[in-house]
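Open the model in your viewer and keep a selection box ready. The stops below say what to select next and what is there.

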Amino acid sequence: MLWSVMNDLSSTKYSKIAYPALVTAGQVGGLAGSLLATEVCKVGGTSGLLVMQAVALVVIGGLVWIACVLASRAPATEDAPAEGSAREALTSMQPVAEQALRLEGAGEASVVPARPNGCVRGMRAVVQKLWEAVEGIILILTKPYVAGIFWVACAHLVPRVLLDYQGTSLTNERWPKSVPGNKDKQTSFFAWCNVANTVGTGLLSLCGLRSLVERGGLSLTLVILPFAMLGSVLLVCFHHEFWTVQAVLVLVNVVQYALNGPSREMLYVRTSKDIKYKAKSWSDMYGNFLQKFIAAQINLHINREQDACQPHCFNGLFTGVFTTVWVAVWAVIAGCLGRRHAQLVEKNEFIQ
């Protein structure tokens, strides 16, 4: 939701400058939290970490409120779409539905219609709310550009969940939870992995994201993750070992958070307010569920750890072939999206 607001308030030029800094700043909190988690025994265990998280979320809520108040007083962005839809480019902190109603009535004659009775008004309100509940998925299905973002936004989750499952299985094998104290050792280890993720993400987003976008456009930054993911999965298929899996997980997470994530958000800058809020919410929520469901079924039926296939139940052949086909489709869509975004910027157009 925070990214939806930032996409709504940002111009294309501003997003290239600000998003790398925002991603880097976001890693500061991640680094602090990860370092705290490495000393899990000294902060009250897992319960202590959860209490800290709850307090941090309250603070974040207050900061978001202040940010929204400041944003509501800010001027419109510099970008404006083609003539005839300039009104829709103006940023606003007003609800999407209310703004759409105002735009629809802006060109109409000021004729006061007969006021319907309360029952009719109630039915219209119900129908309107039901439509708003599914409007996001309609936008995804009817707009190829938005459908492409839907795919690129969460396509990485399928191979990453496959790797996550292997990482967790090998960690449980290394530190069995049945042994007292191993749970805290696992928490501490994953915290150090997160430290590596945050440091790598901060450095790559600060030093590489902007220059890559300016030199190769979003086509370049969007296709890096598919190839990094393919190389990581194939490496695990040929060398299935604890440190190999953990290393490639750090690599793909760094590329996802530093390059793919901000690039995906930049794609939304050239879209209408309805797409930024309604379609994006569907994409981020149900797109993630769909991709994780696919990966979970592969882990359940192909790679599940069970006594019959010990010591390792990882099916490298199927996983490698499936990931290769998946990444090929993903990379083609990502490249097409990047080129389409470049055309929108060049012609100063917006997807309505």
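The bend at a residue is the angle between two axes, one fitted to the seven residues ending there and one to the seven starting there. This is a predicted model, in which local features need pLDDT of at least 70 and side-chain atom pairs count only at pLDDT 80 or more, while totals for chains, interfaces and linings use all residues. Residues are numbered from 1 along each chain as its sequence is written, and side-chain values use heavy atoms, with hydrogens and water left out.

**Whole chain**

Start with the cartoon view. The protein has 11 helices and zero strands; helices (H or I, at least four residues) and strands (E, at least two) are DSSP runs, numbered from the N terminus. Along the sequence the pattern reads α-α-α-α-α-α-α-α-α-α-α.

Switch to the surface. About 18800 Å² of the protein is accessible, and carbon and sulfur atoms hold 66% of that area. Accessible areas come from the Shrake-Rupley method with a 1.4 Å probe, and for residues only the protein chains shown count as cover. Of the 352 residues, 42% count as buried. Buried means under 20% relative accessible area, exposed means over 50%, and partly exposed lies in between (1.4 Å probe, protein chains only).

Among contacts in the protein with a separation of 6 or more, 79% come from residues 24 or more positions apart. Contact here means heavy atoms within 4.5 Å.

**Helix H8**

Select residues 182-238, which make up helix H8. How far does H8 span between its end C-alpha atoms? The span is only 29 Å, whereas a straight helix of 57 residues would span 84 Å at 1.5 Å a residue. The expected span of a helix is 1.5 Å times one less than its number of residues. Now center on Gly216, where H8 bends by about 120 degrees.

Go to Asn182, which is found in helix H8. Asn182 is buried, because its relative accessible area is 5%. Not counting residues up to four places away in sequence, Asn182 touches Trp175 and Pro176.

Next select Arg210 and Glu214. Both lie in H8, four residues apart, or about one turn of the helix. They form a salt bridge in which the closest N and O atoms are 3.0 Å apart. A salt bridge is a side-chain nitrogen of Lys or Arg within 4 Å of a carboxyl oxygen of Asp or Glu. Side chains of opposite charge can pair when their charged atoms come close. Arg210 is partly exposed, at 37% relative accessibility.

Finish this helix at Gly231, which also lies in H8. Its relative accessible area of 39% makes Gly231 partly exposed. Add Thr324 to the selection: the C-alpha atoms of Gly231 and Thr324 are separated by 9.3 Å, although these residues are 93 apart along the chain.

**Other salt bridges**

The count of salt bridges by this rule is four. Select Asp164 and Arg160, whose side chains meet in one of them at 3.6 Å, N to O. The two residues are separated by about one helical turn, because they are four residues apart in helix H7 (residues 157-174). Is Arg160 buried or exposed? At 15% relative accessibility, Arg160 counts as buried, while Asp164, at 27%, is partly exposed.

Then select Arg264, Glu265 and Lys280, which are linked in a network of salt bridges. Between the side chains of Arg264 and Glu265 the N to O distance is 3.1 Å. Arg264 counts as buried at 14% relative accessibility, and Glu265 counts as buried at 1%.

**Helix H10**

Select residues 273-301, helix H10. Its 29 residues should span 42 Å at 1.5 Å a residue, and the end C-alpha atoms are 41 Å apart, which agrees. At Ala279, H10 bends by about 30 degrees.

**A nonpolar patch**

Which residues form a nonpolar patch on the surface? Select Val51, Val55, Val59, Leu63, Trp65, Ile66, Val69 and Leu70, which together have about 810 Å² of accessible area. Patches are made of residues with over 30% relative accessible area and no salt bridge; like charges are joined within 9 Å, and nonpolar side chains (Val, Leu, Ile, Met, Phe, Trp, Tyr) within 5 Å. One of these residues, Ile66, is found in helix H3 (residues 45-72). Ile66 counts as partly exposed, at 48% relative accessibility.

**Last stop**

Select Asn348, in the segment after helix H11 (316-347). Asn348 is not a glycine, yet has a positive phi of about 55 degrees. At 32% relative accessibility, Asn348 counts as partly exposed.
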